[in-house]
Amino acid sequence: MASVEAYLETHRRMLTDLSDRIWSTPETGLLEKESSQALRDLLASEGFALQGVESMPTAFVASFGHGSPVIALLGEYDALPGLSQAPGIAEARPLIEGGAGHGCGHNLLGTAAAAAAVAVAQAMREGGLRGTVRFYGCPAEETLVGKVFMAKAGLFDDVDCALTWHPGTTNSVWATSTQAMNSLRVRFRGTAAHAAANPEDGRSALDAVELMDVGANFLREHVPSNARIHYVITDGGDAPNVVPAHAEVWYYVRAPRRVEVEAISRRLLDVAQGAALMAGVTHEVKLVTGCYDTLPNRTLGDLLQQQMETLGAPKYSGAEHDLARALQATVPADAVERELRRLRRHGLSLPPEGSLVEAVAPSSGYGEWDSGSTDVGDVSHLVPTAQITTVTAPLGTPGHSWQNVVAAGSAIGHRGMLYAAHVLAQATCTLCEHPDLIEKAKEEFRQEAEPYISPVRDLPGPPRG
Ligand SMILES: [Zn+2]
């Protein structure tokens, strides 16, 4: 659609400024007041109807157009704690000690998805395109909350297809799945006593935490080998000479399928109960959140692949390659080499003297799983969903790193962001014009999706604090 291209071209500056504004005001999950407002303002000024989300003030849905199809573009804008970083330099230097930073590039993510929605709206106004385009303002992705609770609220029920993207180091369709997950806290309560004078009167909540962790570590041998169990002790008592009356441990359980996570979680809770019994204390389990694995829709993925190839990957300027090379030089060489090998397997390479990929990778990875989790998973089990990743950072730089904060706040990030916006907007237009494609995506979805049961069905609302 020519109007999509024209909109993105003429609004380049405004969109990169918006992304930089969100980068400069990094806000962590559920606290993205200014970031979500900045995106709301853009969408409202372009004639989108805005709808809030109960109990999540930084979540919203913005709609434009009428009737079917309803295409959802998913945006995120939360930052990560502890990643405050000065812009434009290739050394770790926090702007605010302990402050947050956009180490996952969600400043770009939210802006590109909103830009795509606005560009499609422009095509609807000018080109007679029919349907509804919706931007989903999804907070707290890093804590796997936003989309999970938006799904629970039924906000995706009338959506035909969902598209999104994530900043990255390659241009490709994100064809791999991600891990389903549960986040749960177990709090034990015992009886305080003088640890030397009368320990027989005390019952240690910390003993229960340690016994639970021992049990969980034995449990590891008897779960699928690709499952993961991680924990941190968030409360271990106050002083060695007081038998701890309170203690808490926080667990993540991950596995490729939701049913596996549910099964491992049940066994972990048996372990918690056993630990409480051994230590003679009581316990309470608090599910914080949970999410599904991602089900990538191949029909929609193929459409995105086609758009990526048609538009062609962005080329980066000399100055952008210089910054990228300097950032890449701060990363262990084997991490870069590993990524280079992966690139070569796809028949790709870095440009001479460059650290930024300037080609589109062929589609691959269906049926494989990444080790991390995302709440895009929940949407993907409700409606056909596909996502891409584009180059917003040098090859080999790790996710959630200060290097990625720098890249996401630079012209490197801007180029990947505008490319993502263009691909998503063109794909949305194609879906609006070709209901047969949507039907094909839905048929694939019907064959592959499991019935969706909200992982947080028993929770009154998103976690606070
Ligand atoms: Zn992210």
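**Surface.** I started with the outside of the protein chain: about 19000 Å² is exposed, and carbon and sulfur atoms supply 52% of that. Note to self: this is a predicted model.

**Burial.** Next I checked how much of the chain is tucked away. Of its 465 residues, 57% count as buried.

**Make-up and overall size.** I looked up the secondary structure and got 14 helices and 11 strands in the protein chain. Then I pulled the radius of gyration, which is 23 Å; the globule rule gives 23 Å for 465 residues, so the chain is as compact as a globular protein of that length. I also boxed the C-alpha atoms along the principal axes, and they fill roughly 80 × 50 × 40 Å.

**Contacts along the sequence.** I took the contacts between residues at least 6 apart in sequence and asked what share joins residues at least 24 apart. That share is 81%.

**One helix pair.** For packed helices I want two things, the angle between the axes and the distance between them. I picked α3 (residues 33-45) and α4 (residues 106-127), whose axes come within 10 Å and cross at roughly 10 degrees. Angles under 35 degrees count as roughly parallel, and α3 and α4 are therefore roughly parallel to each other.

Which residues make the contact? On α3 I listed L39, L42 and L43, and on α4 they are G110, T111, A114, A117 and V118. Sorted by class, the contact of α3 with α4 has 6 nonpolar and 2 polar residues, with no charged ones. Gly goes in with the polar class, so I kept G110 of α4 under that heading.

Notes. Residues numbered from 1 in each chain as written. Predicted model: local features only at pLDDT ≥ 70, side-chain atom pairs only at ≥ 80, totals over all residues. Heavy atoms only, no water. Axes fitted to C-alpha atoms, helices over the stretch in contact; angles between N-to-C directions. Helix = DSSP H or I, 4+ residues; strand = E, 2+ residues; numbered from the N terminus. Parallel < 35°, antiparallel > 145°, perpendicular 65-115°, else oblique. Contact = heavy atoms within 4.5 Å. Rg over C-alpha atoms; globule rule 2.2 N^0.38 Å. Buried < 20%, exposed > 50% of the residue type's maximum accessible area, 1.4 Å probe, protein only. Areas by Shrake-Rupley, 256 points an atom, 1.4 Å probe, with all protein chains shown as cover.
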